[in-house]
Amino acid sequence: MVTFSSLEADLFDVHAGSANLNAGGSRFKVRAVHSHEEYGSFQNDIALLEMKERFQFDEYIQPIELMDEELPPGTEVVISGYGRVGSTFPASPKLLYTTMYVVEDEDCNGIGEGLICIDKKGSYGACFGDSGGPAVHDGKLVGVANFIIGECGGDYPDGYAKVSYYLDWINNTMK
């Protein structure tokens, strides 16, 4: 198992306040990246970014509540990101989103605990560049994009870190 104590914070920044990377919004510098200490092979693929300055909340920048319970199969979630629109396409400068549905964990090839598997109706889903992006239900963060199987929008569900599973780790890390 690979363990990470920290990734270089200078490699990251956070864009907030606009759905277009090239217009509007603000970029915020990251002070530290706190990766899960037991990361490895799709397990515990989650990290927290400690910002150098606090976000100033307004009509475009808002906090999100963390989901504290499991979602049953069939529950609708919305994913979003600036990743590619297909395996051979460039990343999108505009925030893209789509509706997906929670499926049984076994549908993600039994990868293991701490994951929520979501699938789509049609050919839309997470793609390269969407890692770390949100899956949201009822205004709460339920998952963080981890992996796709095969190609973007392919025949398999996408794997997300299950926020409810990591709540204790999140709260202890944020202390």
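**View 1. Strands β2 and β3 side by side, in the antiparallel sense.** Five bridges hold this pairing in the DSSP picture, and the model we're looking at is a predicted one. For a handy landmark, look for Val33, which sits opposite Leu49 of β3. Strand β3 covers residues 47–51, while β2 takes in residues 26–35.

**View 2. Glu50 meets Arg31 across the β2 and β3 pair.** Zoom in on the side chains here and you'll find a salt bridge, with N to O at 3.5 Å. Glu50 belongs to strand β3 and Arg31 to strand β2, so this contact links distant parts of the chain, 19 residues apart. How exposed is Glu50? Its relative accessible area comes to 33%, which makes Glu50 partly exposed. Arg31 is partly exposed too, at 47%.

**View 3. Strand β1 lines up with β2.** These two run antiparallel and are joined by four bridges. Strand β1 spans residues 13–16. Which residue of β2 faces Asp13? That's Lys29, standing opposite Asp13.

**View 4. Asp13 again, now with its salt-bridge partner Arg27.** Although Lys29 is the residue opposite Asp13 in β2, the salt bridge shown here goes to Arg27, and the closest N and O atoms are 3.7 Å apart. Arg27 comes from β2 and Asp13 from β1, so the two side chains tie together parts of the chain 14 residues apart in sequence. As for accessibility, Arg27 is partly exposed, with a relative accessible area of 47%. Asp13 lands in the partly exposed class as well, at 38%.

**View 5. Glu65 and Lys140 reach each other from β4 and β9.** Their side chains form a salt bridge, 3.6 Å from N to O. Why does this one tie together parts that are 75 residues apart in sequence? Glu65 lies in strand β4, just residues 65–66, whereas Lys140 is in strand β9, residues 140–147. Lys140 has a relative accessible area of 22%, so Lys140 counts as partly exposed, given that buried means under 20%.

**View 6. The salt bridges taken together, five in the structure.** Side chains of opposite charge can pair when their charged atoms come close. Among the five are Arg27 with Asp13, Glu50 with Arg31 and Glu65 with Lys140. Strand β2 turns up twice in these close-ups: Arg27 sits there, and so does Arg31.

Key
Residues numbered from 1 in each chain as written. Predicted model: local features only at pLDDT ≥ 70, side-chain atom pairs only at ≥ 80, totals over all residues. Heavy atoms only, no water. Salt bridge = Lys/Arg side-chain N within 4 Å of Asp/Glu carboxyl O. Buried < 20%, exposed > 50% of the residue type's maximum accessible area, 1.4 Å probe, protein only. Pairing = 2+ DSSP bridges.
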